[in-house]
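Trainee: I would like to learn how to read burial, cysteines and aromatic rings in a model. Can we go through them in turn?

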Amino acid sequence: MKECSKPIVINDRSIDELKELIKSYLTDKRYHHSICVMNEAERLGCIYIPEKINKLKVAALLHDITKKADFEKQLQYCREFDIILDTDYLDSPEVLHAITATALAKRDFGDFVDDEILSAIRNHTTGNENMTLFDTIIHLADYIEESRVHDSCKTIRRHLYDKLDQGEDRLDALYDTMICMFDNTISYLIEKGSVINKDTVAARNYFIKLRNSTETRG
């Protein structure tokens, strides 16, 4: 597999190229979703890390490139890329695409990705402790992009932008929104009787600690 340590150069032209390249990996519906995630990531990027907007766009476009694969295909990808799964992931097959998409993006789109982009792809479903700001923006953009019409997605979207409109500190607003989002996710999984991935619990705890630390400093 190609290493991703070399610097990458992403511009409007390369993003347009990537938009075309990913079409064969996605259904039409998933392609539309990926474009919407890209737009939301750009919007969030303008607020939080404007110097990384083009990289955010790449991560958004690539985050679901194995999403259409069924469970058997996901396992095939795992064997192909020597991915060893713990039971949390075997018991939650709907999140496997984050792991396999990371490996596929590194192999098939090595000229577009670096470790920061790959980390965001990897963390866009379950989250994880010590998520970077870049990881966080992609995770949240995937949840609140404009084509998401579920009430919980619309609520979280309003939650963030209302706080920002009211002048709340940008990071405080982001941390609080992430906690609410993970609370919604965990509640949904409990209602379904589903396994809750340990990385999701770790991510929620991480943002609670971040929020508490900013409150203490304040």
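Mentor: What follows takes these features one by one, in a model that is predicted.

Trainee: Let us start with one residue. Where does Ser14 lie, and is Ser14 buried or exposed?

Mentor: Ser14 is part of helix 1, which covers residues 12-21. Its relative accessibility is 12%, and because buried means under 20%, Ser14 counts as buried.

Trainee: Which residues is Ser14 in contact with, leaving aside neighbours within four places in sequence?

Mentor: With those neighbours set aside, the contacts of Ser14 are Val9 and Phe112. As for Gly193, it is 179 residues from Ser14 in sequence, and the C-alpha to C-alpha separation is 43 Å.

Trainee: Now the cysteines. How many disulfides does a search of the whole structure find?

Mentor: A disulfide is a covalent bond between the sulfur atoms of two cysteines. Here the search finds zero.

Trainee: Why is Cys46 without such a bond?

Mentor: The closest cysteine sulfur to that of Cys46 belongs to Cys36 and is 16 Å away, which is too far for a bond. Cys46 is partly exposed, at 48% relative accessibility. Cys180 is likewise in no disulfide, its nearest cysteine sulfur being that of Cys153, 13 Å away. Cys180 has 23% relative accessibility and counts as partly exposed.

Trainee: How many aromatic pairs does the structure hold, and what describes such a pair?

Mentor: A pair of aromatic rings is described by the distance of the centres and the angle of the planes. The structure holds six aromatic pairs. One of them joins Tyr25 and Phe109, with 5.2 Å centre to centre and 55 degrees between the planes, and is tilted.

Trainee: Which parts does the pair of Tyr25 and Phe109 tie together?

Mentor: Tyr25 sits in the loop between helix 1 and helix 2 (28-48), and Phe109 in the loop between helix 6 (96-108) and helix 7 (115-122), so the pair ties together parts 84 residues apart in sequence. Tyr25 is partly exposed at 21% relative accessible area, whereas Phe109 is buried at 3% relative accessibility.

Trainee: What about the rings of Tyr77 and Phe81?

Mentor: Their centres are 6.4 Å apart and their planes are at 25 degrees, so this pair is stacked. Tyr77 and Phe81 are both buried. In addition, Lys73 lies over the face of Tyr77, 4.8 Å from the ring centre.

Trainee: Which residue lies over the face of Tyr161, and which residues do ring pairs link into a cluster?

Mentor: Arg43 lies over the face of Tyr161, at 3.7 Å from the ring centre. The cluster consists of Tyr175, Phe182, Tyr206 and Phe207, linked by ring pairs.

Definitions and conventions:
Residues numbered from 1 in each chain as written. Predicted model: local features only at pLDDT ≥ 70, side-chain atom pairs only at ≥ 80, totals over all residues. Heavy atoms only, no water. Helix = DSSP H or I, 4+ residues; strand = E, 2+ residues; numbered from the N terminus. Buried < 20%, exposed > 50% of the residue type's maximum accessible area, 1.4 Å probe, protein only. Contact = heavy atoms within 4.5 Å. Disulfide = S-S within 2.5 Å. Phe/Tyr/Trp six-rings, centres within 6.5 Å; stacked < 30°, edge-to-face > 60°. Lys NZ or Arg CZ within 6 Å of the ring centre and 35° of its normal.
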